[in-house]
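Here is a friendly walk through one protein model, written for someone who would rather be at the bench. Have a look at the sequence and the fold before reading on.

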Amino acid sequence: MKEVFLKWLIPKSEKFLKKRISILSKRHKLSFKDIFVKNYRSRWGCCSSDSKIFLNWKLILMHKEIIDYVIIHELTHTLVPNHSKLFWLNVSKYDQNYKENRKWLSRNGAKFINFGWLLYRFFLASDIIFFAFSKSFLSTRILIGMAVI
């Protein structure tokens, strides 16, 4: 069942993240060369020196504000390739709440990046799992509901 779930979820994540980065890059006039959605064990994203952006598919499990923060963070690396004061000044132009989002991700990100605990909880600790879609934040948002009988 885990494989079926991931075969369903990963393409949904890829589609959503590609649409979201397109929206944010146009809104903030930040260009990038290409976008790749991958499975990372210890990072949410990265930007190569030639402006290719790589995002972790597990971002789909996050709140919209956190997803946008990670995307803006990586898009800003197309302008400033390091984490200097200039970099954070630019991030703050595009995400006024970046400090709070960064703190939240620092405190809670490991729970999401270590997807195994989530799968264990869903597939072993619950009796009913259902998946639904909603039209929140300009794209299909995946809602994962769980009810224990």
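Is Lys-29 buried or exposed? Lys-29 is exposed, with a relative accessible area of 73%.

## How far to trust the model

Please keep in mind that this is a predicted model. The protein chain has an average pLDDT of 82, and 75% of the residues reach a score of at least 70. Among the elements of the chain, helix α3 (residues 85-94) has the highest mean pLDDT, 98, while strand β4 (residues 128-134) has the lowest, 39.

One stretch calls for care. Over residues 124-149 the pLDDT stays under 50, although the model has 59 contacts there beyond four places in sequence. Where pLDDT is low, the predicted coordinates should not be read in detail.

## Two loop residues with positive phi

Back to Lys-29, which is found in the loop between α1 (2-28) and β1. Phi of Lys-29 is near 55 degrees, a positive value in a residue other than glycine.

Ser-51 also has a positive phi, near 65 degrees, and is likewise not a glycine. Ser-51 belongs to the loop between β2 (45-47) and β3.

## Strands β1, β2 and β3

Strand β3 (residues 52-56) pairs with β1 through five bridges, and these two strands run parallel. Two of the partnerships can be named: Asp-34 has Lys-52 as its bridge partner in β3, and Lys-38 has Asn-56. Strand β1 (residues 34-38) shows two faces: Ile-35 and Val-37 are on the covered one, whereas Asp-34, Phe-36 and Lys-38 are on the uncovered one.

Strand β3 also pairs with β2, this time through three bridges and in an antiparallel arrangement. Here Cys-47 stands opposite Ile-53 of β3. Together β2 and β3 form a hairpin with four residues between them, and Ser-51, with its positive phi, is in the turn. Four of the five residues of β3 are buried, so this strand is largely enclosed by the rest of the structure.

## Aromatic rings

How many aromatic pairs does the count come to? The count comes to four aromatic pairs. In one of them, the rings of Phe-36 and Phe-54 have their centres 5.1 Å apart and their planes at 20 degrees, so the pair is stacked. Phe-36 lies in strand β1 and Phe-54 in strand β3, so this pair ties together parts that are 18 residues apart in sequence. Phe-36 counts as partly exposed, at 31% relative accessibility. Phe-54 counts as buried, at 18%, because buried means under 20% relative accessible area.

The rings of Trp-104 and Phe-112 have their centres 5.9 Å apart and their planes at 40 degrees, so that pair is tilted. Trp-104 counts as partly exposed, at 25% relative accessibility. Elsewhere, ring pairs link Phe-87, Trp-88 and Tyr-98 into a cluster. A charge meets a ring too: the charged end of Arg-43 sits over the ring of Tyr-40, 5.6 Å from its centre.

## Helix α2 and its last residue

Helix α2 (residues 64-76) has 13 residues and reaches 18 Å from its first C-alpha to its last. That span is close to the 18 Å expected at 1.5 Å a residue. Why can α2 be called largely enclosed by the rest of the structure? Eleven of its 13 residues are buried, so the rest of the structure largely encloses the helix. Among the buried residues are Ile-66, Ile-67, Asp-68, Tyr-69, His-73 and Glu-74.

Thr-76, which is placed in helix α2, makes a good place to finish. Thr-76 is buried, with a relative accessible area of 0%. Which residues does Thr-76 touch, not counting residues up to four places away in sequence? Thr-76 touches Phe-87, Asn-90, Val-91 and Tyr-94. One of these contacts, Phe-87, also appears in the ring cluster with Trp-88 and Tyr-98.

Definitions and conventions. Residues are numbered from 1 along each chain as its sequence is written. This is a predicted model: local features need pLDDT of at least 70, side-chain atom pairs count only at pLDDT 80 or more; totals for chains, interfaces and linings use all residues. Side-chain values use heavy atoms; hydrogens and water are left out. The expected span of a helix is 1.5 Å times one less than its number of residues. Buried means under 20% relative accessible area, exposed over 50%, partly exposed in between (1.4 Å probe, protein chains only). pLDDT is the predictor's confidence in each residue, from 0 to 100. Contact means heavy atoms within 4.5 Å. Two strands pair if DSSP finds at least two bridges between them. Rings of Phe, Tyr and Trp (its six-membered ring) pair if their centres lie within 6.5 Å; planes under 30 degrees apart count as stacked, over 60 as edge-to-face and the rest as tilted. A charge sits over a ring if NZ of Lys or CZ of Arg is within 6 Å of the ring centre and within 35 degrees of the ring normal.
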